[in-house]
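Please follow this account with the coordinates open beside the text. It moves from the surface of the molecule to its interior and then to its charged side chains.

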Amino acid sequence: MNKTVDKLIRNSWLEVAARWVLGAVFIYASYHKIMEPAQFAKVIYGYYLFPALTINLIAIVLPFLELFCGLALVLGIYPRSAALVINFLLISFIAALSINLIRGQAFDCGCFSVGDRGYTYSVWETLIRDIVFFGFGLVVIFFSRHRKWCVLQSGSILLNMNRSGRV
């Protein structure tokens, strides 16, 4: 592994910053969706990617998943697991945004607000932001030392891979 990347992955303050920023963003992102699930369902419908039967379920479950994972990251409760779930969500968001970008379809991403609140982001801005957040998640996932400000530690992927002889 590159020495600089290895140094970054082992920096415990970088891990704390990545965890708290990512957690705070997902807690904030969940707030409007939880408060206005009907408006969020309309946003999801606007993606034209999901069957009508699943839209209400997604509008109800997704914000609470974002909230719980965000709280887990901020509080340090199994942060690697929370980061894995968040990175899975981010990959899904990136795929949905990319599909609609290829289609040339304009839409409200519904990331931080639902309805007309004056928050407008281009699809490119949203894609770049999600890719940056995905990078924050990777920092949390691949951190291999003792975590600072963490209530419940989780094991190290790199350490476990080294023990099993895969790396």
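L57 counts as exposed in this predicted model, because its relative accessibility is 55% and the threshold for exposure is over 50%. The residue is found in helix α4. L57 also belongs to a nonpolar surface patch of about 1,100 Å². The other contributors to this patch are I60, V61, F64, L65, F68, L71, L75, I77, Y78, V151 and L152. For the protein as a whole, the accessible surface comes to about 9,600 Å², and carbon and sulfur atoms account for 69% of that area.

The overall architecture may be described next. The protein contains 7 helices and 0 strands, giving the pattern α-α-α-α-α-α-α when read along the sequence. Of its 167 residues, 40% are buried. Among contacts between residues at least 6 apart in sequence, 74% join residues that are at least 24 apart.

Which residues of the largest nonpolar core touch the most other members? They are F26, F40, Y47, L73, I86 and L97, within a core of 34 residues. The elements that give two or more residues to this core are α2 (12-35), α3 (37-45), α4 (52-75), α5 (79-103) and α6 (123-141). The largest share, 8 residues, is provided by α5. The surroundings of F26 can be listed in detail: leaving aside residues up to four places away in sequence, F26 touches E66, L67, G70, I86, L89, L90 and F93. One of these, I86, is itself among the core residues that touch the most other members.

A polar residue in helix α5 deserves separate attention. N100 is located in this helix, and N100 counts as buried because its relative accessibility is 0%, where buried means under 20%. What does the side chain of N100 reach at 3.3 Å? The partner is the backbone oxygen of Y47. Apart from residues up to four places away in sequence, N100 touches Y47, L49, Q105 and F107. Y47 thus appears both in the surroundings of N100 and among the core residues named above.

The charged side chains complete the picture. A search of the whole structure finds 4 salt bridges. In one of them, R19 pairs with E15, and the closest N and O atoms are 2.9 Å apart. Both residues lie in helix α2, 4 residues apart, about one turn of the helix. R19 counts as buried because its relative accessible area is 0%, and E15 is likewise classed as buried because its relative accessible area is 0%.

E15 has a further partner, R147, with which its side chain forms a salt bridge at 2.5 Å, N to O. This pair links distant parts of the chain, since E15 lies in helix α2 whereas R147 lies in the loop between α6 and α7 (157-163), 132 residues away. R147 is buried, as is E15. Together, E15, R19 and R147 are linked in a network of salt bridges.

Another salt bridge joins R129 to D130, with the closest N and O atoms 3.8 Å apart. Both R129 and D130 are buried.

Notes:
Residues are numbered from 1 along each chain as its sequence is written. This is a predicted model: local features need pLDDT of at least 70, side-chain atom pairs count only at pLDDT 80 or more; totals for chains, interfaces and linings use all residues. Side-chain values use heavy atoms; hydrogens and water are left out. Buried means under 20% relative accessible area, exposed over 50%, partly exposed in between (1.4 Å probe, protein chains only). Contact means heavy atoms within 4.5 Å. Accessible areas come from the Shrake-Rupley method with a 1.4 Å probe; for residues, only the protein chains shown count as cover. A nonpolar core is a set of buried Ala, Val, Leu, Ile, Met, Phe, Trp, Tyr and Cys residues joined through side-chain atoms within 4.5 Å. Patches are made of residues with over 30% relative accessible area and no salt bridge: like charges are joined within 9 Å, nonpolar side chains (Val, Leu, Ile, Met, Phe, Trp, Tyr) within 5 Å. A polar contact is a pair of N or O atoms within 3.5 Å; within protein, one must be able to donate a hydrogen and the other to accept it, and residues adjacent in sequence count only if both atoms are side-chain atoms.
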